[in-house]
Amino acid sequence: MTVSKADTELHGLTADYACEEERFYQTVLSHRNQLHQIAYSYLRNNDDALEAIQEATYRAWKKRKTLKNPAAFKPWIIRILIYICIDEQRRRKKISPMPQQMPEPSIHMDHRRMQMLALLEKIKPKYRHILLLRYYNDMTVPEIARILDKPEGTIKTWQHQALKQLRKFMDKQEDWYDEA
Amino acid sequence: MMKHDVEKVLQHDAKQMRAEQPPASDFEQIRAIRAGMQQPARRMNVVGRLFKGIRSPILVSVLSAVMVIAILVGVTYKNDQLPQTAAVLNEPKQKDNWGDLEPFRTLYINSDDANYSDPTYDSLNIAIKHNYVQRMNTSVTQNGLTFHLNAVTADQKQVIYFFTIESHTDQGILYPRIIRFINASTHQVVSEGSSTWGGTSLENPKFYRGIGIVPLDPSQRFPNKMTGHFQLRTAKAELLKNAKVAPPQSEIHTLPIFKIPFDLAPQFSLQQSQTYYPKDMEYTWENINLQITKVELLPLSTKIEMRLDELPPPIDYGVNYPRVYLLSEKGDTLTPINRSPNSGGGGQTADGSYHLEYEFGSDMLSDPDGLRIVLTNGQEQTLHLH
């Protein structure tokens with residue numbers, strides 16, 4: 001087979017472009033368990049978590065050219081995912097589906113846990129990210145700083161504020177301590 | 001209350017959450033990621049932007065994949081006629097005709113989410129040519145909407161269905177949000193979710209046309225009777241005519257589940273796969289030995305498995321996995337078969353080598369003489385099927 005130089009360059013260029021999708025897919029795939037864990041911690045529903053991953057994959061693929069440093073892919077896609085989760089939480093607040101349309105709960109959640117979920121959703125989104133990533137996903141301050149693209153000092157301050165705000169909400173919840 | 005108490009409450013709650021969290025299977029996660037890359041139309045439809053031409057980066061990349069196939073064939077066989085070859089390869093698809101299902105073919109022509117280079121296009125095109133499609137004409141009307149199941153085709157790994165939804169009120173139709181398929185005989189869930197693409201036109205948001213895929217588990221008994229559960233949503237048709245503004249969430253109505261029962265023709269379960277274990281299909285990729293170990297043909301898909309001695313060096317986002325193209329041979333005719341752009345996954349085996357799997361559309365129903373497997377580095381070999 002003889003291939004001219006021009007053909008080779010054209011071939012290489014288009015083939016690389018086509019296979020970019022495949023490499024991108026493989027990379028997202030390699031983080032799938034962590035993405036699912038994070039989405040579930042925000043949404044507490046398997047279907048919604050999977051839908052959030054789907055949407056995050058779509059948005060990340062669409063915006064991939066904005067990612068300057070490929071090594072920062074993981075915090076970048078997690079950042080996209082948590083913003084989607086926050087949007088979904090806001091949407092849930094706005095829409096109260098009719099009872100017959102409510103999806104059947106896949107798990108039983110006790111009263112205390114429902115309260116905690118409601119409290120977490122009342123906290124400012126930037127503080128909510130800290131609590132969910134730190135306590136529900138076991139992330140370190142440097143890891144959270146990379147995801148939220150903020151200095152570690154800011155994350156520590158936000159963590160302090162988040163706990164303070166949560167404590168305030170818990171204090172207002174009259175039966176919180178009674179059931180403890 | 002002391003600070004550490006709040007932290008303890010959080011840690012305790014997190015522990016309980018993990019304990020009760022249902023395990024998400026790899027299958028579900030992979031499907032979500034694939035769907036994210038394959039189906040931008042789900043959200044495109046929300047803002048009523050379907051049938052607006054080529055804009056999506058996915059579409060552009062998919063179109064480029066068509067060009068790659070065309071260019072590969074050109075480079076491999078007709079270096080001196082590259083542009084002409086590409087044109088000739090695309091031409092037959094422009095001339096394809098799906099008969100009564102032709103309106104569904106326009107979903108591949110006009111929408112942002114699927115096109116000629118989608119592997120399902122090839123599979124459906126061949127299936128329709130060989131009458132491997134079951135017309136259903138099953139309708140369910142409720143809450144001012146009629147869901148119509150037009151046709152299905154299936155093999156051991158998937159069911160592909162053609163559907164329309166029509167509104168009889170002032171409401172326009174949004175994409176189906178929740179889809180579930182139940183085996184009507186065993187009452188077990190066949191699939192939690194289904195990839196779909198399609199949409200309404202801006203001019204008529206009250207008529208939705210779509211194609212969907214239900215993945216099947218080949219290890220389970222073929223579901224001869226199924227019920228599809230669709231949760232549909234509507235919003236005032238006028239709100240969906242604005243291409244730039246999504247309808248406010250308060251205007252979106254979620255309707256009770258539509259249940260669509262249907263039987264699958266026996267021919268779908270009787271069609272056996274053809275599996276080959278080639279011994280001598282060896283290539284090199286990035287100076288690493290590569291061997292095709294298994295080729296499985298089904299009516300609607302082709303799977304190629306390979307063994308790579310070691311992992312290629314990384315580039316960009318990750319590993320530079322082999323880039324593979326497939327051509328079906330029948331007599332002197334070569335037909336390029338589209339590859340699923342997201343296939344190519346795999347993992348390390350016990351002996352340290354890597355096992356990779358690629359999925360393509362299928363030309364099995366045309367009874368091809370062979371399959372030509374081509375790498376983008378120019379190496380190619382043919383698997384003779386007869």
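Q: Leaving aside neighbours within four places in sequence, which residues is B:Ile292 in contact with?
A: This is a predicted model, by the way. B:Ile292 sits in strand β15 of chain B, which covers residues 288-297. Setting aside neighbours within four places in sequence, the residues that B:Ile292 contacts are B:Pro278, B:Met281, B:Tyr283, B:Ile304, B:Glu305, B:Met306 and B:Ile373.

Q: Is B:Ile292 buried or exposed?
A: The cut-off for buried is under 20% relative accessible area. B:Ile292 comes in at 1% relative accessibility, so it counts as buried.

Q: How many Å apart in space are B:Ile292 and B:Arg307, C-alpha to C-alpha?
A: Start with the chain: 15 residues separate the two in sequence. In space, going C-alpha to C-alpha, B:Ile292 and B:Arg307 are apart by 6.4 Å.

Q: What span is expected for helix α3 of chain A at 1.5 Å a residue?
A: Helix α3 of chain A takes in residues 46-62, which makes 17 residues. From its first C-alpha to its last it reaches 24 Å, and that is close to the expected value at 1.5 Å a residue, 24 Å.

Q: How many residues of α3(A) are buried?
A: Take the start of the helix before the count: there, a side-chain oxygen of A:Asn45 comes to within 2.9 Å of the backbone nitrogen of A:Asp47. As for cover, α3(A) is mostly covered, and of its 17 residues the number buried is 13.

Q: Which helix gives the largest share of the largest nonpolar core?
A: That core has 60 residues, and among those touching the most other members are A:Tyr42, A:Leu81 and B:Leu10. The largest share is 10 residues, and it comes from residues 73-94 of chain A, helix α4.

Q: Which residues are in contact with A:Leu81, leaving aside neighbours within four places in sequence?
A: A:Leu81 is one of the core residues that touch the most other members. Leaving aside neighbours within four places in sequence, its contacts are A:Leu35, A:Ile38, A:Ala39, A:Ala52, A:Ile53 and A:Ala56.

Q: Which strands stand at the edges of the open sheet in chain B?
A: The sheet has 4 strands with antiparallel pairing, in the order β6-β5-β9-β12. An edge strand has a single partner, so one side of it is left without a neighbour in the sheet; in chain B that goes for β6 (189-192) and β12 (258-263).

Q: Which residue in β6(B) stands opposite B:Ile182?
A: Strand β5 of chain B, residues 178-183, pairs with β6(B) in the antiparallel sense over 3 bridges. Opposite B:Ile182, in β6(B), stands B:Val189.

Notes: Residues numbered from 1 in each chain as written. Chains lettered and ligands numbered in written order. Predicted model: local features only at pLDDT ≥ 70, side-chain atom pairs only at ≥ 80, totals over all residues. Heavy atoms only, no water. Helix = DSSP H or I, 4+ residues; strand = E, 2+ residues; numbered from the N terminus. Buried < 20%, exposed > 50% of the residue type's maximum accessible area, 1.4 Å probe, protein only. Contact = heavy atoms within 4.5 Å. Expected span 1.5 Å × (residues − 1). Polar contact = N/O pair within 3.5 Å; in protein donor to acceptor, adjacent residues only side chain to side chain. Core = buried A, V, L, I, M, F, W, Y, C linked by side-chain atoms within 4.5 Å. Pairing = 2+ DSSP bridges.
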